[in-house]
Structure formats: C-alpha cells, structure tokens
Amino acid sequence: MLDIKFIRENVEVVKKSAIGKGFDINFLDELLRLDKDRRTLLGEIETLNAERKKNTDKEKGKEIKELLGKKETEFRLISEKFDDLMLRVPNLSADDVKIGSPEKNEVIKTVGEIPKFNFKPKDHVEIGQLTDILDIERGTKVAQSGFYYIKNDGVFLEQALINFAIHKLVKKGFTVLITPNVAKEKNVVGCGYQARSEKERQIYHIEGEDLDLIGTAEITLVGLHTDEIIDGEKLPIKYAGISSCYRTEAGSYGKDVRGILRVHEFRKVEMVVFCKPEDDLKIHNELLAIEEELWQELEISYQVIKMASGDLGSAAARKYDIEAWMPSQNKYREVTSTSSTTDFQTRRLNIRTKIDGQNIFPYTLNGTVFALGRAMIAIMENYQKEDGSFEIPKVLKDFVGKKVIEIKK
RNA sequence: GGAAGGUUGGCAGAGUGGUCUAAUGCGCCGCACUUGAAAUGCGGUAUCCCGGAAACGGGAUCGGAGGUUCGAAUCCUCCACCUUCCGCCA
C-alpha cells in the first residue's frame, strides 16, 4: 500500500509507475475523490461527536444522534470503497528498474557450463519414472492433476536440499522456521497477493474459515510481525521458512502441463528480511548472492534476470529471477525470485519499527532459497546419465547418503 | 464441539454512566545536574482528521458493529479474537 498523502501529492508519479507495471490505474481519480469525500465526512462526524459530548439538552441530543447515524453510514460506505481501491494501487517500481513489458527483462549474468550429453537428454518425468522417485499419475488419481508423489530416494533428495539450505542460512544469521501452511486472508492481502479478479485467483481459500492456503512462506514470514512494533536495533531481521505452497495456477492452463514444473502443491524454503529503508539495496544484493551461491554449489548453470517493470507484480519494487538450465527444454527456466517490496507490505500489515523514538515502516524483501520441486528437476536433468540414473551434486551427497540415484531394476 | 473468563496507549495495568484532557509503573526520546556514567529531576512519548511552511493549535479514537441514554471505556445485544477448563484427537 502506498501512503494516501503520497498519492495525493504525486498522482502523476503513481500513474506512470502503475502503467509501467501494466496495471490499469483508471480508478485513481475516483480514489482521490473518495479520499476527499471521506475526509470531509470524517470532519463532520468528529464535530458532531464533540457536540454530543458537550450537549446536555435532551432534544438536541436526539437530533445529533440521528444526524450522526446518517453520516456514519455514509462514511462507512465511502471508506469501504476507498480501502478497496487503496489495495489496488501497486507499489512504485524502484528507480533502477527498466520501464517496459517483460520482453525488456535483462539477462545480467550467465554462470556455469551447460552440460553436454552424447545422448538425447531425458526430461525429469522420464527420469523420475526410471528411478522410481516420482509418481505423477497416482498423484493425479488420488488428488488431482498438479499433485504428485515423491518416492524413495526422491524423498531423501528433497530433504537433502532443505537441510543443505537451512544449515547454510543459519550460518548467515537467518532464523529458520517451519511455518503454517495457511494464513488469514489479511496476511495474504497484506503481502499483495489479492486477486486481480476472482477468475485469476491464485490462492486456494478454505470454505467457511478466514483461512487461505499460502502460495509461499513469504506470507507467513512477513505476517509474523503483523500489528507489531519492531525495535529498530534488531534490524535487519532475517527469516528462512519452510512451507508447503499452494497455487491454483488459474489462467495458466496449458502451460508446462508435463511434469512437476508447474503444480498446485510444492514445498519451498523462502527468505524474508525486515530492514531499515536505507539497507534495501544492500540486502537485496545479499539475497541474490545467497541464491547464486546455492546454484553455484550445486554446479548447475544459471542466468540472473533483472525484471523490467512489466514483470514486477503489485508489491515488488525491484525483482531478480534466477533461471537454471533445463536440458530437456534446452533453455533456462525460473527457479528462484527475489524482490524488494519496500514498505508496501509493512504499511498494509501495520508493521512499524521504532528508530530514535520515531515510528517508520520497515522494508521487507523476500527471496527463494529452493523451490524444491524445481530444484529437483534441475538436478535430475543436469546430472543425468544415459540410462536415466543421475548423480547427486557433491554438496548434497552427505545429506542424501549416496552419490548416484540408480534406475529401478 | 461445550463452559467460563478476557480484549484499555510500546509493555504491564487501574478504571462499573458525566470530574477520562485514561491513573500508576516500566520502557523509549529529549533536557538539566555530572569530568563521564549511574542515580535523580523536569518535559515528551500512538493513530487518524482539520488548520499551519513549520513550531504548534483544535478535534476524534478504550477489539468490531448495533442498542439504551441528554451523555458510554463503563450498561445491553451480536460478531471476531485470546486464555483456561472439559470433550475429541496426531
């Protein structure tokens, strides 16, 4: 959420930034009109309240009460609309972000060697069948398309990725958590994940409860401090959370239907940092560096993409993706994403920090450590051998307990 | 699922119809005293609205909504959440 005062005084800046992100911002004039009406009414209500307090006359008291009732109803109506529109105003993109559609995304770095195979590389679905570590068909049978089983050594591989990641992150000063996989809608909306429309809703809702299945632990990690005041001395606070993630993937029918690249449920290790505004860039670079370090240690080739404004989404001010090499597709595919959301989320969730006696909204940043399904795909495909077996990256060997995952006899 | 108790400022916590401009304590910020610190003293300490360049001034806000009343933190109703006990259960 942006500060309404900022919006009032910088309408053109807000418009320009939103258009750069590809958002329809036609409602901005209505928002400003509602803001004006809302404040006028609030003034009237407060004056009436003050009168009511002082008044001792019976007749006049009743009069005031009646008028107050009308004004309050009107106020509530306007406020509701106002709040709704406020939530639809996207965050500003950072100054260093290129304005433009996703085609303007920039590859800022390519690291590592693309593996050369003297056979036609298989995809993870085939490798998963041959090694018997994935059962996608039965996931579909028991649950639905987009759900899958991980079996046998696959289980150890996923656990290995988690362990490898959290050991590293603890050393880097992160507090590790296993978070709830559900959260009240307030936290979902607070992080900027509200649906643009019901049709495109990405989040599963639990019927009859004020609970959504989380799409990422970002929601539960940022939500940790909802309605709290964080001591400025404690910043930066760094969290790494393990959770399941649920996505309806509405609007992406037909994309990546094969395998487990795009699914409704997966597990992920996610970083969230609360920091002082002036540390934004520094922390963002740190998060990206951690993500790169992990892929370097896995010895898998990757690219770092700096997203143009059109690919930022509502909350992000700046975003980098890492794309890892996927041999079966002969291209790099997204495996991590790290964003700065400035004070967009903390404003919505009323998370403040006290620095020298002053309350300000801290900045939040997030970044993927491992989207475990996608990391597994990358390992399976990049480390595959001709028969469909694959090696375990050196850094994971001790965690998995073996060097190769063999095909099932 | 059943029952009881609770929700007040950064925290603890008082407050059962007007004097609440919300006690008191702690924390934090500033100032004074001090070589420095501690201790002490004084002042401040949230959010929103209006006016103002600012300093500041005025007003509103005691979980949410509704009701009773001239008047509600305080009484009544509903809702949300929290705690404890019971039941069920990994």
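**Close-up views of rings, charges and a buried helix**

**View 1. Two arginines meet two rings.** The charged end of Arg-38 is placed over the ring of Phe-82, 4.2 Å from the ring's centre. Keep in mind as you look that this is a predicted model. A similar theme appears with Arg-88, which lies over the face of Phe-27 at 4.4 Å from the ring centre.

**View 2. Phe-164 and Phe-399 pair up.** There are 6 aromatic pairs in the structure. Here, Phe-164 and Phe-399 make a tilted pair, with 6.4 Å from centre to centre and 55° between the planes. This pair links distant parts of the chain: Phe-164 belongs to helix α7 (residues 153–171) and Phe-399 to helix α13 (residues 397–400), 235 residues apart. Phe-164 has 6% relative accessibility, so it counts as buried. Phe-399, at 32%, counts as partly exposed.

**View 3. Trp-325 and Tyr-332 meet edge-to-face.** The centres of these two rings are 5.0 Å apart, and their planes make an angle of 70°. Trp-325 is buried, with a relative accessible area of 9%. Tyr-332 is buried too, at 13%.

**View 4. Four aromatic residues gather in one cluster.** Phe-164 and Phe-399 return here, joined by Trp-295 and Phe-370 in one aromatic cluster.

**View 5. Helix α12 is largely enclosed.** How many of the 11 residues of helix α12 (residues 372–382) are buried? The count is 11 of the 11, so the helix is largely enclosed by the rest of the structure. Among these buried residues you can find Leu-372, Arg-374, Met-376, Glu-381 and Asn-382.

Note on methods:
Residues are numbered from 1 along each chain as its sequence is written. Chains are lettered from A and ligands numbered from 1 in the order in which they are written. This is a predicted model: local features need pLDDT of at least 70, side-chain atom pairs count only at pLDDT 80 or more; totals for chains, interfaces and linings use all residues. Side-chain values use heavy atoms; hydrogens and water are left out. Buried means under 20% relative accessible area, exposed over 50%, partly exposed in between (1.4 Å probe, protein chains only). Helices (H or I, at least four residues) and strands (E, at least two) are DSSP runs, numbered from the N terminus. Rings of Phe, Tyr and Trp (its six-membered ring) pair if their centres lie within 6.5 Å; planes under 30 degrees apart count as stacked, over 60 as edge-to-face and the rest as tilted. A charge sits over a ring if NZ of Lys or CZ of Arg is within 6 Å of the ring centre and within 35 degrees of the ring normal.
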